[in-house]
Amino acid sequence: MARAKYILDQYEKGLISSAELAALDVEEAKLAMDAAKEKLDAAKARLDAAIKSVENAE
């Protein structure tokens, strides 16, 4: 949150352009997508392990 406020302050002061602001937004979105993908991959691994455990129990 502090980073977002700092960037917005820089934009309002004219120290960064709207294109730079957009580029930062894209970068932040990419990082969020990467983090979500890691969580999804971990959840899939847990699901696969649970399925295998159930299959082995049968």
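User: How many salt bridges does the count come to?

Analyst: The count comes to four salt bridges. The rule asks for a side-chain nitrogen of Lys or Arg within 4 Å of a carboxyl oxygen of Asp or Glu. The general idea is that side chains of opposite charge can pair when their charged atoms come close. Before we go on: this is a predicted model, where local features need pLDDT of at least 70 and side-chain atom pairs count only at pLDDT 80 or more, while totals for chains, interfaces and linings use all residues. Residues are numbered from 1 along each chain as its sequence is written, and side-chain values use heavy atoms, with hydrogens and water left out.

User: Which lysine meets aspartate 9 in a salt bridge?

Analyst: That's lysine 5, with 3.4 Å from N to O. Both residues sit in helix H1 (residues 2-12), four residues apart, or about one turn of the helix. As for cover, lysine 5 is exposed at 54% relative accessible area, whereas aspartate 9 is partly exposed at 25%. Those words have cut-offs: buried is under 20% relative accessible area, exposed is over 50%, and partly exposed is in between (1.4 Å probe, protein chains only).

User: What does lysine 37 form a salt bridge with?

Analyst: Its partner is aspartate 41, and their closest N and O atoms are 2.9 Å apart. Look for this pair in helix H2, where the two are four residues apart, about one turn of the helix. Lysine 37 is partly exposed, at 49% relative accessible area, and aspartate 41 is partly exposed too, at 37%.

User: And where is the pair aspartate 48 and lysine 44?

Analyst: In helix H2 again: because they are four residues apart there, about one helical turn separates them. Their side chains meet in a salt bridge at 2.9 Å, N to O. Aspartate 48 counts as partly exposed with 37% relative accessibility, and lysine 44 is partly exposed with 49%.

User: How many positive and negative side chains does the protein chain have?

Analyst: It has 9 positive and 12 negative ones, and the centres of the two sets lie 3 Å apart. Here Lys and Arg count as positive, Asp and Glu as negative, with His and the chain ends not counted. Each charge is placed at NZ of Lys, CZ of Arg, CG of Asp or CD of Glu.

User: Let's zoom out. How many helices and strands are there?

Analyst: The protein chain has two helices and zero strands. Its radius of gyration is 20 Å, well over the 10 Å the globule rule gives for 58 residues, so the chain is more spread out than a compact globule. That radius is taken over C-alpha atoms, and the rule is 2.2 Å times the number of residues to the power 0.38. The helices (H or I, at least four residues) and strands (E, at least two) are DSSP runs, numbered from the N terminus. Along its principal axes, the C-alpha trace spans about 65 × 20 × 5 Å.

User: What share of the 58 residues is buried?

Analyst: Just 7%. Glutamine 10 is buried, with a relative accessible area of 14%. You'll find glutamine 10 in helix H1. It touches Leu15 and Ile16, leaving aside residues up to four places away in sequence; contact here means heavy atoms within 4.5 Å.

User: How far apart are alanine 43 and alanine 22 in space?

Analyst: They are 31 Å apart, C-alpha to C-alpha, and 21 residues apart in sequence. Alanine 43 belongs to helix H2 (residues 18-57) and is partly exposed at 30% relative accessible area.
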